[in-house]
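User: I've got this one open next to the sequence. Can you walk me through it, pockets to begin with?

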Amino acid sequence: MANEVREWLRLLSQGWLRRIEAAKEVKRIYFQESADILWGFLRREYDDLYILGREGLGSEFSLPTPDGPYYRPRLNKCQEFVALMLPHIAARVPTRTVEPRRPQLPPELSTSEFTSKWRIIEEAAKLLEWLLNYTPREFGLETELRHATQEALVKGRGCLWHELVDTPYGTVPGSFYDTVDNLLVDPDALRYRDAGFIVRRRVVPAWV
């Protein structure tokens with residue numbers, strides 16, 4: 001019996017690994033290769049912005065002295081685009097409002113009992129609204145949002161993952177940025193709502 005269970009688990013894990021590898025391959029073809037190139041424009045090193053007059057580098061330029069280095073002006077248009085658009089898209093975290101919808105009842109049904117229950121609903125809505133505006137400040141949603149928006153502007157997609165966090169006040173929901181490179185989606189799905197699975201690749205210590 002134990003061997004049968006072990007074999008079943010082995011086949012199950014191998015099946016999932018094949019699906020994950022298929023998701024990686026589809027993402028690489030249709031998204032990741034272009035995204036990496038675009039992100040490289042934003043995060044590229046500055047070595048090629050300098051002309052070195054020694055060791056044969058920069059020999060095609062007419063330099064006053066052979067030592068250098070000389071600055072070669074160049075605009076990082078990708079960074080310029082992000083700097084221009086990011087403040088407009090992620091200016092601030094919007095204020096969240098909760099407004100309960102009161103049904104339109106005929107006068108004969110608008111009893112005092114219904115009115116008292118409706119007041120309880122309104123108080124619950126105020127409490128929920130306070131909580132929804134408290135968690136962004138507590139977990140720094142504005143910073144997380146700017147990271148995700150920057151990646152969305154460059155790569156075409158950004159991710160905020162919604163998680164439940166254990167705090168001294170209890171379990172509280174929060175939204176946290178993680179690179180879209182760690183997102184894998186069912187390769188057979190044409191839309192997110194049709195996806196059979198969505199995977200988040202994570203790195204955790206071995207002792208966790």
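Analyst: The largest pocket has 15 lining residues, and those nearest its centre are Val 26, Arg 157, Val 185, Asp 186 and Ala 189. Keep in mind that this is a predicted model.

User: Which elements give two or more residues to that lining?

Analyst: Helix H1, residues 2-43, and strand E5, residues 183-185. The largest share is from H1, with five residues.

User: What volume does the largest pocket have?

Analyst: About 310 Å³.

User: And how do the lining residues divide into nonpolar, polar and charged?

Analyst: 11 are nonpolar and four are charged, with no polar residues in the lining.

User: OK, back up a step. How many helices and strands are in the chain?

Analyst: Four helices and six strands. Read from the N terminus, the order is α-β-β-α-α-α-β-β-β-β. The chain has 208 residues, and 22% of them count as buried.

User: What share of the contacts join residues at least 24 apart?

Analyst: 54%, taken among contacts between residues at least 6 apart in sequence.

User: Next topic: which residues make up the largest nonpolar core?

Analyst: Seven residues: Leu 42, Cys 78, Val 82, Leu 86, Ala 90, Leu 153 and Val 154. Helix H2 (77-89) and helix H4 (141-155) are the elements that each give two or more residues to this core. H2 gives the most, three residues.

User: What else is there apart from that core?

Analyst: Another core, of five residues, lies apart from it; Phe 31, Ala 35, Cys 159 and Leu 183 are among them. As a general point, nonpolar side chains in soluble globular proteins tend to be buried together.

User: Go back to Leu 86. What does Leu 86 touch?

Analyst: Leaving out residues up to four places away in sequence, Leu 86 touches Ala 91, Arg 146, Thr 149, Gln 150 and Leu 153.

User: Now the charged side chains. How many salt bridges does the structure hold?

Analyst: 13. One of them pairs Lys 155 with Asp 181, where the closest N and O atoms are 3.0 Å apart. Lys 155 is in helix H4 and Asp 181 is in the loop between strand E4 (170-177) and E5, so this salt bridge ties together parts 26 residues apart in sequence.

User: Is Lys 155 buried or exposed?

Analyst: Buried, at a relative accessible area of 8%.

User: And what does Glu 163 pair with in a salt bridge?

Analyst: Arg 202, at 3.8 Å from N to O. Glu 163 is in strand E3 (residues 160-167), whereas Arg 202 is in the segment after strand E6 (198-200), and the two are 39 residues apart. Glu 163 is partly exposed at 24% relative accessible area, while Arg 202 counts as exposed at 54%.

User: What about Asp 178, which side chain does it meet?

Analyst: The side chain of Arg 200, in a salt bridge of 3.2 Å, N to O. Asp 178 is in the loop between E4 and E5 and Arg 200 is in strand E6, so to speak of sequence, the pair is 22 residues apart and links distant parts of the chain.

User: Are Asp 178 and Arg 200 buried or exposed?

Analyst: Asp 178 counts as buried at 14% relative accessibility. Arg 200 counts as partly exposed at 21%, because the cut-off for buried is under 20%.

User: Which residues do the shared partners join into one network?

Analyst: Glu 163, Asp 178, Arg 200 and Arg 202, through salt bridges that share partners.

User: Staying with E6, what is Ile 198 in contact with?

Analyst: With neighbours within four places in sequence set aside, Ile 198 is in contact with Trp 161, Leu 183, Leu 184, Val 185 and Tyr 192. Ile 198 lies in strand E6 and counts as partly exposed at 45% relative accessibility.

User: How far are the C-alpha atoms of Ile 198 and Pro 187 separated?

Analyst: By 9.8 Å, with the two residues 11 apart along the chain.

User: Last one, Thr 135. Where is its place, and is it buried or exposed?

Analyst: Thr 135 is in helix H3, residues 112-138. Thr 135 is buried, with a relative accessible area of 7%. Its contacts, leaving aside neighbours within four places in sequence, are Arg 96, Val 172 and Pro 173.

Conventions: Residues numbered from 1 in each chain as written. Predicted model: local features only at pLDDT ≥ 70, side-chain atom pairs only at ≥ 80, totals over all residues. Heavy atoms only, no water. 1 Å grid on protein atoms, 1.4 Å probe; cavity = no way out; pocket = protein on both sides within 12 Å on 5 of 7 lines; lining within 4 Å. Points joined across faces, edges and corners; volume = space filled by probe spheres on them. Nonpolar A, V, L, I, M, F, W, Y, C, P; charged D, E, K, R; others polar. Core = buried A, V, L, I, M, F, W, Y, C linked by side-chain atoms within 4.5 Å. Buried < 20%, exposed > 50% of the residue type's maximum accessible area, 1.4 Å probe, protein only. Contact = heavy atoms within 4.5 Å. Salt bridge = Lys/Arg side-chain N within 4 Å of Asp/Glu carboxyl O.
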